[in-house]
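Visitor: I should like to understand how the terms used for a protein structure are justified. May we go through them one by one?

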Amino acid sequence: MVGTGSLPSTGGQPVEQDRFERLVVLMRRMSEGDRAAMFTLADEFGAQVVGSVRAHLRDLGVDHVERDDLDGLAIDACEVLYDLAGTWRPDGGALPWVWAAHRMRAVASRHVGQHADVLDERAAERAVAPVAGAGTEPDELALLATLAARLPECALLQEALTRVTTPRNQAIVLAVRVQELLGDPAPAATVGREFGLRADAVRQIKRRTLQRLRTLATDEPRFLALADLPLLAA
Amino acid sequence: MTATRPRRTDEREAARARHPAVRRMAIDLDRMRRREADRLAAEGHAWPEQAALLLAARGRTGLDRRAFAAAVGVPEATIALIEDGPVPSDAAGPAQL
């Protein structure tokens, strides 16, 4: 029987020793790619994850957040913990959401930034106004293919995208980037409507695809030039 | 009398679960399931809704694949097939399993 004393304070809410050992198991399973363990984490440690998100929001000056927004942020936080599970080490006794504080804060910051930026009215008008001739514009993949035939860096990006994800996800990532460059205040929502996806699913596709591109650029020297693309810094 | 008195730790856990503050801090697992289905669909999973349902259900039990398969009485490979989707040679959908 393991003890039930609280762990030494590492910031955030403490968990008892037996719960910590349960957490170690869940983090290991997540690091092995078990997505169900992320649901278990949310189910068994949801209060701590939500508490961490709320604490970061409070630090950023947000004392009240709508329940719906908080739910989305807490799920974002669980996704972050899933992605980082392989690099967390239990030896130091730090809870994952404390250890990953900067990433948890980034989750909160994105929410704050989304609601705190001054509205660019001209950009908002562009976002809601019908795009003239939109039906005749080449889609992003066709455009990239055209450019790839002429520009080596575009050909490299096209090849890399093909290596890391599906054509649909490639189109989503490129479409989001186009919307960002156009000044769309909610690019994921705009692209989500086009592809029949929720905005958070679009953001997730973009994040994962860019992460895979970064990994490719790191792992294979041939793709090193991609690391300098603004797309990967987005 | 045969009933066993609940341990104080069990009582504390039950009290915690009932506490309104804890309920407010819970994560919406159904929303997480829908998001997982979207993710799987975006990745081209053959049956994303069913896979997400199974992942969420297994997640709620807290069991790994092997233990979950044993608990529900199916081969572990069946759980893997539904969650991961078919390899190209698999023709059967989850409804046919």
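Visitor: What makes the contact between Arg39(B) and Glu36(B) a salt bridge?

Guide: Please note at the outset that this is a predicted model. The closest N and O atoms of Arg39(B) and Glu36(B) are 2.8 Å apart. A salt bridge requires a side-chain nitrogen of Lys or Arg within 4 Å of a carboxyl oxygen of Asp or Glu, and therefore the term applies.

Visitor: Why can such side chains pair?

Guide: Side chains of opposite charge can pair when their charged atoms come close.

Visitor: Why are Arg39(B) and Glu36(B) separated by about one helical turn?

Guide: Both belong to helix α3 of chain B, residues 29-42, and they are three residues apart there, so about one helical turn lies between them. Both residues are also buried.

Visitor: Which network of salt bridges includes Arg39(B)?

Guide: Arg39(B) is linked in a network with Glu36(B) and Glu43(B) of chain B, and with Arg35(A), Glu79(A), Arg208(A) and Arg212(A) of chain A. Arg35(A) has a further role in the description: it lies over the face of Tyr82(A), at 4.4 Å from the ring centre. Over all chains, the count of salt bridges comes to 26.

Visitor: What makes the contact between Asp83(A) and Arg207(A) a salt bridge?

Guide: The N to O distance between their side chains is 2.8 Å. This is within the 4 Å limit, so the pair qualifies. Asp83(A) lies in helix α3 of chain A and Arg207(A) in helix α11, residues 199-219, so the salt bridge ties together parts that are 124 residues apart in sequence.

Visitor: Why is Asp83(A) called partly exposed?

Guide: Its relative accessible area is 35%. Buried means under 20% and exposed means over 50%, so a value in between is called partly exposed. Arg207(A), with 28%, is partly exposed by the same rule.

Visitor: Which residue forms a salt bridge with Asp84(B)?

Guide: The partner is Arg65(B), with the closest N and O atoms 2.7 Å apart. Asp84(B) lies in helix α6 of chain B, residues 76-84, and Arg65(B) in helix α5, residues 65-72, so the pair ties together parts that are 19 residues apart in sequence. Asp84(B) has a relative accessible area of 48% and is partly exposed; Arg65(B), at 22%, is also partly exposed.

Visitor: How do you know that Glu83(B) is buried?

Guide: Its relative accessibility is 4%. The limit for buried is under 20%, so Glu83(B) meets it. This residue is found in helix α6 of chain B. Leaving aside residues up to four places away in sequence, it touches His45(B), Ala51(B), Leu54(B), Leu55(B), Arg58(B) and Arg65(B).

Visitor: How many helices and strands does chain B have?

Guide: Chain B has six helices and zero strands. Of its 97 residues, 33% are buried.

Visitor: How many aromatic pairs are there over all chains?

Guide: The count comes to two aromatic pairs.

Visitor: Why is the pair of Phe20(A) and Trp88(A) called edge-to-face?

Guide: The ring centres are 6.0 Å apart and the planes are at 70°. Rings pair if their centres lie within 6.5 Å, and planes over 60 degrees apart count as edge-to-face, so both conditions are met. Phe20(A) lies in helix α1 and Trp88(A) in the loop between α3 and α4 of chain A, so the pair ties together parts that are 68 residues apart in sequence. Phe20(A) is buried at 6% relative accessibility, and Trp88(A) is buried at 4%.

Visitor: Why is the pair of Phe45(A) and Trp97(A) called tilted?

Guide: Their ring centres are 6.1 Å apart, and the planes are at 45°. That angle is neither under 30 degrees, as for stacked, nor over 60, as for edge-to-face, so the pair is tilted. Phe45(A) lies in helix α2 and Trp97(A) in helix α4 of chain A, so parts 52 residues apart in sequence are tied together. Both Phe45(A) and Trp97(A) are buried. In addition, Arg19(A) lies over the face of Phe45(A), at 4.3 Å from the ring centre.

Technical notes: Residues are numbered from 1 along each chain as its sequence is written. Chains are lettered from A and ligands numbered from 1 in the order in which they are written. This is a predicted model: local features need pLDDT of at least 70, side-chain atom pairs count only at pLDDT 80 or more; totals for chains, interfaces and linings use all residues. Side-chain values use heavy atoms; hydrogens and water are left out. Helices (H or I, at least four residues) and strands (E, at least two) are DSSP runs, numbered from the N terminus. Buried means under 20% relative accessible area, exposed over 50%, partly exposed in between (1.4 Å probe, protein chains only). A charge sits over a ring if NZ of Lys or CZ of Arg is within 6 Å of the ring centre and within 35 degrees of the ring normal. Contact means heavy atoms within 4.5 Å.
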